[in-house]
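Subject: Structure handover

Hello,

Here is the structure I said I would pass on. My notes on it follow below.

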Amino acid sequence: MSASHAPVPLYAFAMPDLLANLNPEQYAAVTLPDESALIVAGAGSGKTRVLTTRIAWLIEGGRVSPSGILAVTFTNKAAREMMTRLGAMLPINTRGMWIGTFHGLCNRLLRAHHRDAGLPSAFQILDSADQLSAIKRLLKANNIDDEKYPPKNLQYFINGAKEEGLRASRVDANDAFNRRFVELYAMYESQCEREGVVDFAELLLRSYELLDSNRALRAHYQQRFSHILVDEFQDTNRLQYAWLKLLAGEHSAIFAVGDDDQSIYAFRGANVGNMLDFEREFAVRHRIKLEQNYRSHGNILDTANHLISRNSRRLGKDLRTDAGAGEPVRVYEAATDQQEANWIVDEIRALLDQGMSRSEIAILYRSNAQSRVVEHALVAAGVPYKVYGGLRFFERQEVKHALAYLRLIDNPDDDTAFLRVVNFPTRGIGARSLELLSDTARLHQCSLAAAAPLLTGKAGAAVASFMRLIEQVRAETAPLNLPETVEHLLAASGLNTYYEQEREGQERLENLQELVNAAAAFAAEEGYGRDVPARSLPMAPGASAAPALTDDSDAVEVIDAGAPLVRQMTPLAGFLSHASLEAGDNQAQAGQDAVQLMTVHAAKGLEFMAVFISGLEEGLFPHENSAVEIDGLEEERRLMYVAITRARERLYLSFAQSRMLHGQTRYNVRSRFFDELPADTLKWLTPRIEAGARWGGARDNAGWGRDWFAPPSHIETALADKQRAADTGYRTGQTVFHNKFGEGTIIGLEGSGTDARAHVSFQRHGAKWLSLAVAKLQIVD
DNA sequence: GCCGGGCTAATTTTT
DNA sequence: TTAGCCCGGC
């Protein structure tokens, strides 16, 4: 019998320990009754601690068994952290618990119920790059002009639609261009279906639909997960919110933790509004604010509080600290970006001399391109540094090649994988042969692998020999465990030989060997014995195939009584999922103790003793593109807020009068954020010159962006006429022209009057929400 | 099939 | 400025 039916207190006597050292707000949050609650957790307020302690407290008090918990995060790192901390608090095995990322948990769900979800048992996950190449292939196969329908945009469009919960059949299409997009979306869906692959958004949407359409399954999970805990709630998109709501049902309690002031991912679909929707729709009675900050000194917090108070529509929050005021926030104005970089390096050297370690120092910037100057200065000064945001392990080409072979072994219909390695290493299968093959496949509506035997002639022979290779590797690896399978494949595929002969192949070879290690580590971590073949399900017969859950309640029991659901995956399928869902470390160089360089976005969730925020110039930070985005300036301000609150003791702000950008010297004005910071926490190292004095005339905050992107007057006039003509004058499906982003299609409209917004899918810039009052959109007929 | 020149575009990013 | 992509030539 599963533990879920008999929750038993584990260590009742340990409870005081668990709750010791919590401040009153934290305590209140952790010990809330069994109903939905919103925890507004400020930066550095012990958010993760509250989340994990809440879980521990629920389990310990016998309110729920570990299997009744579902805890969801956005990143694998956060999920791991939660499991580690929980494991330290309670003597339980956290591995079997449903703690993971949205995508990871959805993957688990779909593996367990792949049949009900309409997926093959060995379905594979496309990462963004795979998805893009699948889309390119789709366009090519159907002779579609990729100038007119850029693959990137189609990808954006498809993912955007999925994240709104919309299948192609339900997307609005009013003009020919838009209809074509929807049509391509539908074709993409059937291509994925045929190949047995799902993209990231599909994991979410598919599992949402699975629960939505299958009453028994839904009831089962709703009942099972009586407590759902969500981290970084402000980052959830609409589909994730809907998914949570569906899973919670009528009776489960959602413990949502988030910070509206740290919402910086609107551009990828995050909807802060989910916080208020949640309060309303779940009749939340408890909103608890965690405002006690354990990270930063007073001056730093005051600076952050003051800045963010400028934002409207906040839930409202002021961070406080028991630490003293500490050092003032130092501000430096440089003549050039190079001088700015040199100053930063000088200050860093002073900090290092004082004994601060390099890894406690971070240099933050708004966009990646800004790292170059700083890197130069660091190299010149001989200061070791680490840049975050490079290629990750599973994204390296040699690793992707190897994974493609593994995928083919598991699922030969995976055309993305097929095309990636059919001629790598080269085996004389050129573009001509592949064209023939893909024509054949299209004709028979089948995968490339399935079409291979139908191909005749020289091309047919070459492809057949490749298929024999795959077949042979498949047979040879049947008895092998996961790392052995990878090892064998590296040899049999010719990848090893290829990189051995390659002049600069040494590092790639090492990465391939590292892949074997990663496979071994994965197998060990998941508890697969060395004798478990990579493509077998180590379960009792009968339970190996996930029972199809229909409206038969007996079948539901089988799942609960069986082994953990993760075992519904073979080691290989699990490893491939792992590779797609967790691309690995995001750091370029490995260096031991190094100064940390990253974008502000990448710094979210981290903290450092000393933080430098560089490039604080109008157009850069706040970024000029944000000017035309809905609430763009407020999001930039939140971004600045996140940046400031990363610092524990030292905070340095800097900007440069001129900066090399896009090969040209740009002359910038200091960021408006300086005018929004409190004067008494700042210490100007260079003379502070009042805004406007240098450039003549005050800046117009209200018209953020208006001057910069004013379209030609004839467009403005035409637009004004149309706006006067009827309401906003826009409708979805219309093709519009934007002065900066070019042509796009309106895929959604919201609000009215000055608040009216349009969701526009641009051909070259992706989908953006634009304020109709600010952005000038010309209707193209 | 590979190399290199020319063209283009250049926020932020996890899964 | 520079990185990535495409196309043309060998």
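The model is predicted, and chain A has an average pLDDT of 86, with 84% of the residues at 70 or above. Two stretches call for caution. Over residues 540-566 the pLDDT stays under 50, and the model has 48 contacts for them beyond four places in sequence. Residues 694-726 also stay under 50, here with 50 contacts beyond four places in sequence.

DNA strand B

There are 29 residues around DNA strand B, and those that come nearest are Ser128, Arg366, Asn368, Thr599 and Glu629. By type, the residues of this surface divide into 17 polar, six charged and six nonpolar. Sugar or phosphate supplies 52% of the strand B atoms within 4 Å of the protein, and bases supply the rest.

Three contacts to phosphate oxygens of strand B can be listed:
- Asn368 places a polar backbone atom 2.6 Å from a phosphate oxygen of DNA strand B.
- Thr599 has a side-chain N or O atom at 2.7 Å from a phosphate oxygen of that strand.
- Arg392 has a polar side-chain atom 3.0 Å from a phosphate oxygen of strand B.

DNA strand C

Around DNA strand C are Arg372, His662 and Gly663. Of the strand C atoms that come within 4 Å of the protein, 36% are accounted for by sugar and phosphate. Arg372 also makes a phosphate contact: an N or O atom of its side chain is 2.7 Å from a phosphate oxygen of DNA strand C.

Two enclosed helices

Helix α11 covers residues 238-248, and eight of its 11 residues are buried, so the rest of the structure largely encloses it. The buried residues are Leu239, Gln240, Tyr241, Trp243, Leu244, Leu246, Leu247 and Ala248. At the start of the helix, a side-chain oxygen of Asn237 comes to within 3.0 Å of the backbone nitrogen of Leu239. After α11 comes Gly249, which has a positive phi, near 60 degrees. One of the buried residues of α11, Tyr241, also belongs to an aromatic cluster with Phe233, Phe278 and Phe282.

Helix α25 (residues 571-581) has 10 of its 11 residues buried, so this helix too is largely enclosed by the rest of the structure. Its buried residues are Pro571, Leu572, Ala573, Gly574, Phe575, Leu576, Ser577, Ala579, Ser580 and Leu581.

Aromatic pairs

The structure contains 27 aromatic pairs. In one of them, Phe157 and Phe181, the ring centres are 4.8 Å apart and the planes meet at 75 degrees, so the pair is edge-to-face. Phe157 sits in helix α7 (residues 151-163) and Phe181 in helix α8 (residues 176-195), so the pair ties together parts 24 residues apart in sequence. Phe157 has a relative accessibility of 6% and counts as buried; Phe181 is buried as well, at 2%.

Phe612 and Tyr652 make a stacked pair, with 4.3 Å from centre to centre and 10 degrees between the planes. Phe612 lies in strand β13 (residues 608-613) and Tyr652 in strand β14 (residues 647-661), so this pair ties together parts that are 40 residues apart in sequence. Both Phe612 and Tyr652 are buried.

Two buried residues in helices

How buried or exposed is Arg54? Arg54 is in helix α3 (residues 47-60), and its relative accessibility is 1%, so it counts as buried. Leaving aside residues up to four places away in sequence, Arg54 touches Ala29, Val30, Thr31, Leu32, Pro33, His227, Leu229 and Phe255. Asn21 is 33 residues from Arg54 along the chain, and their C-alpha atoms are separated by 14 Å.

Ser433 is in helix α18 (residues 431-443). Its relative accessibility is 12%; the cut-off for buried is under 20%, so Ser433 counts as buried. Not counting residues up to four places away in sequence, Ser433 touches Leu455 and Ala459. Between the C-alpha atoms of Ser433 and Val463, which are 30 residues apart along the chain, the separation is 8.2 Å.

Regards

Technical notes
Residues are numbered from 1 along each chain as its sequence is written. Chains are lettered from A and ligands numbered from 1 in the order in which they are written. This is a predicted model: local features need pLDDT of at least 70, side-chain atom pairs count only at pLDDT 80 or more; totals for chains, interfaces and linings use all residues. Side-chain values use heavy atoms; hydrogens and water are left out. Buried means under 20% relative accessible area, exposed over 50%, partly exposed in between (1.4 Å probe, protein chains only). Helices (H or I, at least four residues) and strands (E, at least two) are DSSP runs, numbered from the N terminus. A polar contact is a pair of N or O atoms within 3.5 Å; within protein, one must be able to donate a hydrogen and the other to accept it, and residues adjacent in sequence count only if both atoms are side-chain atoms. A residue is near a molecule or strand if one of its heavy atoms lies within 4 Å of it. Ala, Val, Leu, Ile, Met, Phe, Trp, Tyr, Cys and Pro count as nonpolar, Asp, Glu, Lys and Arg as charged, and the others, Gly among them, as polar. pLDDT is the predictor's confidence in each residue, from 0 to 100. Contact means heavy atoms within 4.5 Å. Rings of Phe, Tyr and Trp (its six-membered ring) pair if their centres lie within 6.5 Å; planes under 30 degrees apart count as stacked, over 60 as edge-to-face and the rest as tilted.
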